[in-house]
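Happy to walk through this one with you. Let's take the labels one by one and ask what stands behind each of them.

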Amino acid sequence: MRRMFLSLAAMALGVLAMPQPSTAAEIRYDGCDIVHSTILTPLADAFKAKTGHQLTMHFGGDGAGIKALTNRSADIGGLCRHLLETPEEKDLVMVPVAWDAVVVVVHPSNPVANLTRDQLTKIFSGKTKKWSDVGAPASLGDIHVYVRQGKKSGVGLMAREIVFRNLDMDFPQDHVKDSSTPLELAIEKDPAGIGFTGITSAVIRKLKMVKFEGVMPSDASMKDGSYEVIRPLYLTFARASAGRGVVGEFVRFALSKEGQGIIGKAGILPITDSSEVLWARYYHVLEESKQDIAALKQARKSAESMSD
């Protein structure tokens, strides 16, 4: 991961220094639907009003966005996780624009209020199968575990890294969804359902967030470091196409005072509102799961250099 970001700050500044298009342009987006539904939509509307540039958006998840960037069917992507050192991702650049918490969600009628790491590990490994085993009434029956497809989705990867600390952990495959939106909608209708998603999208659904290790996810608990299952949300683009001025213009807008204000008004924690405690907590939990944080520190510096 380190080598993907050694020149990120210089590249980002180079992108922004290039002449911007004088006529309206189209920017094609693909990627994380959490980024799309919570960040991109209000940013795109404001960016179009300001510049005339139009974002056309497809949201098939992190994997679809990465594929679209590599085959050049998208100009910019959204990621709910950091990049990996894989052939598909080694030539991409990521810039953090907001914070998100990965949260456990259940149906609003579910009485369970808190789950520990050990309880979640047993649920998501298939060892605990009944809601009564974690304090719910026996009438709730079997636990229906909703998961994302594969092991590299934003939510799935971050849960494996931070909650389970096992990137190879296999989840039950009875209720598999291809992105976060259908997962959330399914749990809204299933009193026995449980899954992981981002707090930024959970708050706009009819879902109940469950405490993790006694801590309720919120902006306050993220900032003070007490809630540990956190991640940045990223905009990403292909290294080879980073010189396209309109892409750099949009990234700069997202990190500007105006753009970060739009993110904040949407109920999302802007990246520029980060506390050192929050960053320290994020680095710590990644180090515990044996992740290289040097690249993430470089990405943070790049975002700071591109913001107002």
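## Salt bridges and a helix pair

The model is a predicted one, and 12 salt bridges are counted in it.

Q: Why is the pair E258 and K50 called a salt bridge?
A: The closest N and O atoms of E258 and K50 are 3.2 Å apart. The cut-off is 4 Å between a side-chain nitrogen of Lys or Arg and a carboxyl oxygen of Asp or Glu, so the pair qualifies.

Q: What makes this a link between distant parts of the chain?
A: E258 sits in helix α10 (residues 257–265) and K50 in helix α2 (residues 33–51), and the two are 208 residues apart.

Q: Is E258 buried, partly exposed or exposed, and why?
A: E258 has a relative accessibility of 38%. Partly exposed covers the range between 20% and 50%, so E258 is partly exposed.

Q: Why is K50 called exposed?
A: K50 has a relative accessible area of 55%, and exposed means over 50%, so the label fits.

Q: How do you know that D91 and K90 form a salt bridge?
A: Their side chains meet at 3.1 Å, N to O, and the rule asks for within 4 Å, so the pair counts. As for exposure, D91 has a relative accessible area of 41% and K90 has 32%. Both values lie between 20% and 50%, so each residue is partly exposed.

Q: What makes D273 and K223 a salt bridge, and where do they lie?
A: The N to O distance is 2.9 Å, which is within 4 Å, so the definition is met. D273 lies in the loop between β11 (269–270) and α11 (276–288), while K223 belongs to helix α8 (residues 219–223), 50 residues apart. D273 is partly exposed at 35% relative accessible area, and K223 is partly exposed at 30%.

Q: Which residues are joined into one network by salt bridges that share partners?
A: They are R117, R165 and E228.

Q: How is the packing of α2 and helix α9 (residues 245–255) described?
A: Their axes are 11 Å apart and the angle is about 115°. The crossing of α2 past α9 is right-handed.

Q: Which residues make the contact between α2 and α9?
A: On α2 they are L40, L43, A44, A46, F47, K50 and T51. On α9 they are V246, E249, F250, F253 and A254. By class, the contact has 9 nonpolar, 1 polar and 2 charged residues.

Q: Why does K50 of this contact count as charged?
A: K50 is a lysine, and Lys is classed as charged, so the label follows.

How values were computed
Residues numbered from 1 in each chain as written. Predicted model: local features only at pLDDT ≥ 70, side-chain atom pairs only at ≥ 80, totals over all residues. Heavy atoms only, no water. Helix = DSSP H or I, 4+ residues; strand = E, 2+ residues; numbered from the N terminus. Buried < 20%, exposed > 50% of the residue type's maximum accessible area, 1.4 Å probe, protein only. Axes fitted to C-alpha atoms, helices over the stretch in contact; angles between N-to-C directions. Left-handed = near helix turned anticlockwise from the far one by under 90°. Contact = heavy atoms within 4.5 Å.
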